[in-house]
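User: Could you walk me through the terms used for this protein? I am new to this.

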Amino acid sequence: MIHRKPSRGAMLALSVFIIAFHFLCISTTYGAPVWGEIFTFEQPDGKKVDVRIWGDEFYRVVESLDGYTLTRDPNTGEICYARLSSDGNSLVSTGVRVDSTTGDALGLEPHIRINPEARRSIIREARQAALESSRDVLAGLGLAPERVEPPCNGNVQGICLIVDFSDEVATVPAGDIEDYCNLPGYSGYGNNGSVRDYFYDVSDGNLTYTNYVPTAYYRAQNPKSYYDDCDAPYGERARELVIEALTDLDNSGFDFSQYDSNGDGLIDAINCFYAGVTGCPWAEGLWPHSWTVSFSADGVDAFRYQITGIGSTLRLSTFCHENGHMICYWPDLYDYDHDSYGVGKFCIMCSSTSSTNPQEPCAYLKHIAGWTTTTFLTTPHTIATLPSDSNTIYKYEHPILTNEYYLFENRQKVGRDVGLPDAGIAIWHVDTEGSNSDQDMTPESHYECTLVQADGNWDLENWVNRGDLTDLWEAPTHTECTPFTNPNTNWWDGSSSALYVTDVSVSSTVMTFIFNRQCQVQPTDIDFGMVAVGDSLDETFTIINVGVDPLIGSVSESCDAYSIVSGGNYNILPGDSQVVTVRFAPTSAGTHNCTIQLGSTFCSDVYCTGEAYDPVCAIEPDTLDYGNVPVGGFESLSFTITNIGSELLAGQVSESCDRFLITSDPYYVLDPGEFDVVTVTYLPGAIGADTCWIETGYDLCKDVICIGVGVSPPVCLIEPDTLDFGAVLTGDYKDSTFIITNVGGDTLSGSVSETCGDYSIISGDGAYSLASGETLTVAVRFEPTGNGPLTCTVETGSALCVDVTCLGTGIDVTPPPPPEEFSVAYNTGSGNQLIWRSCPASDFGMFKIYRSENPGLLLDAPMDTTWQEIYSTSDTTWTDTASEGWQYRYEVTALDTVGNESPPTSPGVLTGAASTGVPRRFALYQSAPNPFNPSTVITYDVPPGGGKVTIRIFDVKGRLVKTLVNKNQTAGQKTVTWDGRNDRGEKVATGVFFYRMRAPGCEKTMKMTLLK
């Protein structure tokens, strides 16, 4: 989102450094560096002093003209000779003014410098503070610190403020500055064109950059001495001056919105020229610099600005360098630590060749600005043509990394490049994630933009010079740059780029070279190490066709100890590869070298070396392969060391691997013919392949390689781990299942079993072995033989698996059989004696005895409310001592241990009892069977005279289910059957139901259970 501010007018300046947007992130950038240029300063008493300066705004070294290091005395403010502090990390003033004597007279050493790490620390802290402050400014503007497209193409217009003072009036006319910025063909003050001309020329017309220059100087509100106060915080007064000039311009009706060419909400460039020069020492007062300023007007914000003194002349170099930052977001390509020369004089963003005719930007900066005609090097045998009068470049990209690539351009010592140290093809190695403060040339520490210097001396990185006559590529001395030359074309990680540049032409305005990318060989050097005479070792290399035509050749060698085992003849299609196996089989001791010739001009040969020795030691085996071992487990294997020589063999077996451990005695002392067994244990700590070399501790004994793969241990998942069978009738059964799954990485083994009387495994029992992802289904049957809760544990047989708990309840609803051979005898004076046979049921509990005082009941009538329980016993005889025993009838039932009651015995009728066979009252009896499935019979009595009878069935919620009887009935004992259906003829679900009888003078309800 573009940030817009709603009001016009200036805002407070912020004390932060400038940043330049560099690729996809923000990096801090500052003024152009100086390399020993002479500057004039004033001592506090007004006396002028000439000095030389190296550095930039982060860090500078100042010397007298005769080479002695200077510093400003913190007490007097005078420029004095310096000496090193005791720790070498800082400069200390001697208190002796530079203009009072010579450094030699003081006995000082010339060119002293603080320790490199102290210097780097100062620079890092300053740059980090600048970066953080700049991000704060962006945040205040509502902008995220990502790169936006720089305004470096098309018509771009900046603002060039011109300022003078009441105590220093401008001497350079405003019109001269207008021409200096914008006039085509400008030559004033010895400059080669205007600022507009410079950017138009180096961009090949892609950028027309001009500046608005007021027709008159802005007269500052305060004298120059106020802004150029050496004791004020550096840059504070300069920003006041810039804001004053911007505010004055705003008050004149100036439209700032016209100076945001790319619509990012920021003014593209703010330059400020002030009359004269600074009177302060370096990095104080109005010392030239680039920072940020906060100002808003017309919907746009100020951000970057640069300020410098006009002096008595106008120069292009610094102005163009600073505007390279502001409008193109170019990074500095010099070393901020000042211990190397970056890209030297081959780019304006490093070191200028001339203040009035600065050199062009290098190919890297033109490329990211979008000013180049770029040809990608992909087709072999291409003759690349490079003119020097246009931004034509060639690019060779890394096959994987977008941040790394090579660029090629033709630089001739004409026009703006007349001051270059050399002419020819410049080869640039770019890594956008590098830094030109890192000159170590290692994979971890290297330049962002490296000039591949043809002489291989790397003078720029080694702080020798800023370029010389042998840095660019040209015939006849530097015509070939490949992965095998010095310098080479390898990538920064050391891998071959397969980039072959050959046949570079002589230096001229149009140069050519041949791109020979066709064959890539990996590796090109093979070290076989030490191999016993009579033994052999195979190694391989790969030939890769990275071209567009078939690659044909024949591998050959002419060495006694080496031979080509496979892959000797090749015809490799584009994109394919072939592996070649080389065998080293020495027949004599000593060093054996060999060059394997690949038989193609496109392919480099392979160099082999090996050392042979007479065997004194036999290792069997020399490879221990542990296969797959679960993480957290272990596996042990052994090898044997045998002394096959004629002298004592002694050593110590050792390893330096985290996951392989020697678990036997590592020391051995063997006479000829003796052997020792060494055990190595593999303990994988993570998933993945592991390799370890076990050193046998004797140069002539082959080392042992251990290989193994850590795999995920088996993980057992049981679903479900509890089986709830619910309630099951005795004599019935119910089945349920659980699943064992191996969700780990290795084999899961075990054996399923149980030892429970009421449960049994009907499938899936016994041993199992499950690979990763496999399952086993186990079926369990619950078949209760008793009443109440019954549990069981099914064992899964593996420590990795939980056992399965089985829960169920047995329900016993089967009554025991009724007592048999029941008889009643009346004995006058001793009562009625009851006798019956014992109950055969295994779950028998007791007998119950019932008595009725209604001898008129039918002999086979079931019990009703006239029956009374009078006794219970486990015996098979009982005597009722009732005095009127002849008036009674009796029944006996059997009960099991859970209370199920049998039907009664047939009642005995005593002599004298009446038996009409007709019920005397309405009565309802227990349905039979109960529980039932699918039907049950309900018995009821109707007395003489009859009457209307209704019998209805209800569920446990009181809802009517079925009407069985609803009519007038005659006397007698009746029955009705219910088939488990409702009034709509639908089968009802399992459950408890109630049946109710209503008749004249009678209402009775009883319960029954339907089971399915």
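User: Which elements do the buried residues of α2 pack against?

Analyst: Happy to help! This is a predicted model, where local features need pLDDT of at least 70, side-chain atom pairs count only at pLDDT 80 or more, and totals for chains, interfaces and linings use all residues. Residues are numbered from 1 along each chain as its sequence is written, and side-chain values use heavy atoms, with hydrogens and water left out. The buried residues of α2 pack against β10 (154–164), α3 (195–202), β11 (207–212), β13 (270–274) and α6 (316–328); contact means heavy atoms within 4.5 Å.

User: What makes Phe165 count as buried?

Analyst: Buried means under 20% relative accessible area (exposed is over 50%, partly exposed in between, with a 1.4 Å probe and protein chains only). Phe165 has 0% relative accessibility, so Phe165 counts as buried. Tyr227 is buried too, with a relative accessible area of 0%.

User: Why is the pair of Phe165 and Tyr227 called tilted?

Analyst: Rings of Phe, Tyr and Trp (its six-membered ring) pair if their centres lie within 6.5 Å; planes under 30 degrees apart count as stacked, over 60 as edge-to-face and the rest as tilted. Here the centres are 5.8 Å apart and the planes stand at 40°, so the pair is tilted.

User: How do you know that Arg781 lies over the face of Tyr733?

Analyst: A charge sits over a ring if NZ of Lys or CZ of Arg is within 6 Å of the ring centre and within 35 degrees of the ring normal. Arg781 lies over the face of Tyr733, at 4.0 Å from the ring centre. Arg196 lies over the face of Tyr200, at 4.6 Å.

Key: Helix = DSSP H or I, 4+ residues; strand = E, 2+ residues; numbered from the N terminus.
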